[in-house]
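Let's take a walk through this fold together, strand by strand. Keep the viewer open and follow along as we go.

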Amino acid sequence: MRNAIFFTLILSLLAGTAFADILFQDDFESGDIDEAKWAPQASWIVENNDDKHDALGKKVLDVWGGGVGLTVDEFPEEFDYYADFKTMDGGLTGFVFHGEDGNNIYMHQVSTAGSGHTPQHIRWHRRIGGAWGVEPEPFADKENRDQDVWYRVKFEVRKNYKFKVYLGEVGVENEELVLVSEWTDGQKSFETGKIGFRMSGGIRAGEHAQYDNVVVATPEFDIFPVEPRDKLAVTWGQLKRQ
């Protein structure tokens with residue numbers, strides 16, 4: 001409860017800047033999926049976090065197969081989408097953007113070691129009327145990402161159907177995230193919509209990943225501190241430890 005009150009206070013203070021805002025956040029610390037925020041698949045479960053890292057909380061979202069789960073609310077044409085994630089069975093994870101429903105989405109995969117498709121790639125997807133199209137691109141920095149290791153991702157979603165994706169170690173801030181791929185949808189498929197996650201296969205029998213610290217912000221809003229802590233600078237990770 002104290003965390004929620006404190007976070008609301010910070011958002012109220014930030015709102016005074018007018019130029020940027022946090023549009024959505026979830027760290028799953030309640031232990032339950034908040035159905036005021038998410039329209040989840042049955043495969044979505046909040047689990048205890050077995051990985052000890054200061055940037056992660058006690059709870060994480062565990063998704064094992066089941067298809068597409070989306071937010072309740074839609075998001076504007078432009079935003080930044082942050083999440084901490086760990087690929088497990090299948091070696092990849094699918095992030096959903098501008099979703100209308102499960103059959104009409106952008107779905108972009110981070111494909112790590114252990115993937116049976118194209119590991120060490122960003123797999124840019126569009127799904128229109130249930131039909132998939134994919135354009136895989138290797139990580140631009142040529143670095144390998146491992147299965148069963150936590151990473152932080154940032155997607156920049158912009159006008160004119162443009163996307164950029166950045167990766168780093170879990171807990172790093174914006175300047176430490178590395179640009180690994182960018183893509184433009186020449187078909188101009190979806191202008192706005194919902195975000196979410198997509199994992200293929202049956203429940204407890206398909207692709208498997210975990211997530212924490214989901215934040216959606218207006219473009220170029222730095223969710224990390226720019227002032228000393230005694231001047232009310234609070235990061236998403238620090239907030240979890242209050």
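What follows is a tour of a predicted model, from its sheet to its charged side chains.

Start with the open sheet. It has 7 strands in the order β2-β5-β14-β7-β8-β9-β10, and the pairing is antiparallel. At the edges sit β2 (38–39) and β10 (131–138), each of which pairs on one side only. If you want the general picture behind this, strands of a sheet pair through backbone hydrogen bonds, either parallel or antiparallel.

Now step inside the sheet. Strand β7, residues 92–101, pairs with β14, residues 194–199, in the antiparallel sense over 4 bridges. To find the register, pick V96: its bridge partner in β14 is G196.

Further along the order you reach β8 (residues 104–111), which is joined to β9 by 7 antiparallel bridges. Here Q109 has R123 of β9 as its bridge partner. Strand β9 itself covers residues 121–128 and is mostly covered, with 7 of its 8 residues buried. On to the edge: β9 and β10 run antiparallel and are joined by 8 bridges, and W124 is matched with E135 in β10. The two strands make a hairpin with 2 residues between them, where G129 takes a positive phi near 60 degrees.

E135 is worth a second look. Its side chain meets that of R126 in a salt bridge, at 3.2 Å from N to O. How covered is each partner? R126 counts as buried because its relative accessibility is 7%, below the 20% cut-off. E135 is partly exposed, with a relative accessible area of 33%.

W124 also gives us a way to reach another strand. T184 lies 60 residues from W124 in sequence, yet the two are 9.4 Å apart in space, C-alpha to C-alpha. You'll find T184 in strand β13, residues 178–184. With a relative accessible area of 40%, T184 is partly exposed.

Next up is β11. Is this strand, residues 150–158, enclosed or open? It is largely enclosed by the rest of the structure, because 9 of its 9 residues are buried. In general terms, the side chains of a regular strand alternate between the two faces of the sheet. Along β11, W150, R152, K154, E156 and R158 point one way, while Y151, V153, F155 and V157 point the other way; all are buried. Notice how the charged residues R152, K154, E156 and R158 share one of those directions.

Look at the neighbours of β11 as well. β6 and β11 run antiparallel and are joined by 8 bridges, with K86 taking W150 of β11 as its bridge partner. β11 also pairs with β12 (residues 162–169), again in the antiparallel sense and over 8 bridges. There, V153 has L167 in β12 as its bridge partner. β11 and β12 form a hairpin with 3 residues between them, and N160 in the turn has a positive phi of about 65 degrees.

Back to those charged side chains on β11. The structure holds 8 salt bridges. In one of them, the side chains of R152 and D84 meet at 2.7 Å, N to O. That pair links distant parts of the chain: R152 is in strand β11 and D84 in strand β6, 68 residues apart. Both R152 and D84 are buried. Another salt bridge brings together the side chains of E156 and K154, at 3.4 Å from N to O, and these two residues are buried too. Which residues share a network with E156? D80, K154 and R158 do, linked with E156 through salt bridges.

Finish on the outside, with charge of one sign. D73, E74, E100 and D101 gather in a patch of negative charge on the surface. E74 is in the loop between β5 (67–71) and β6 (79–87). It counts as exposed because its relative accessibility is 53%, over the 50% cut-off. E100 and D101, meanwhile, take us back to the open sheet, as β7 spans residues 92–101.

Terms used: Residues numbered from 1 in each chain as written. Predicted model: local features only at pLDDT ≥ 70, side-chain atom pairs only at ≥ 80, totals over all residues. Heavy atoms only, no water. Patch = residues over 30% accessible without salt bridge, like charges linked within 9 Å, V, L, I, M, F, W, Y side chains within 5 Å. Areas by Shrake-Rupley, 256 points an atom, 1.4 Å probe, with all protein chains shown as cover. Salt bridge = Lys/Arg side-chain N within 4 Å of Asp/Glu carboxyl O. Charge placed at Lys NZ, Arg CZ, Asp CG, Glu CD. Buried < 20%, exposed > 50% of the residue type's maximum accessible area, 1.4 Å probe, protein only. Pairing = 2+ DSSP bridges.
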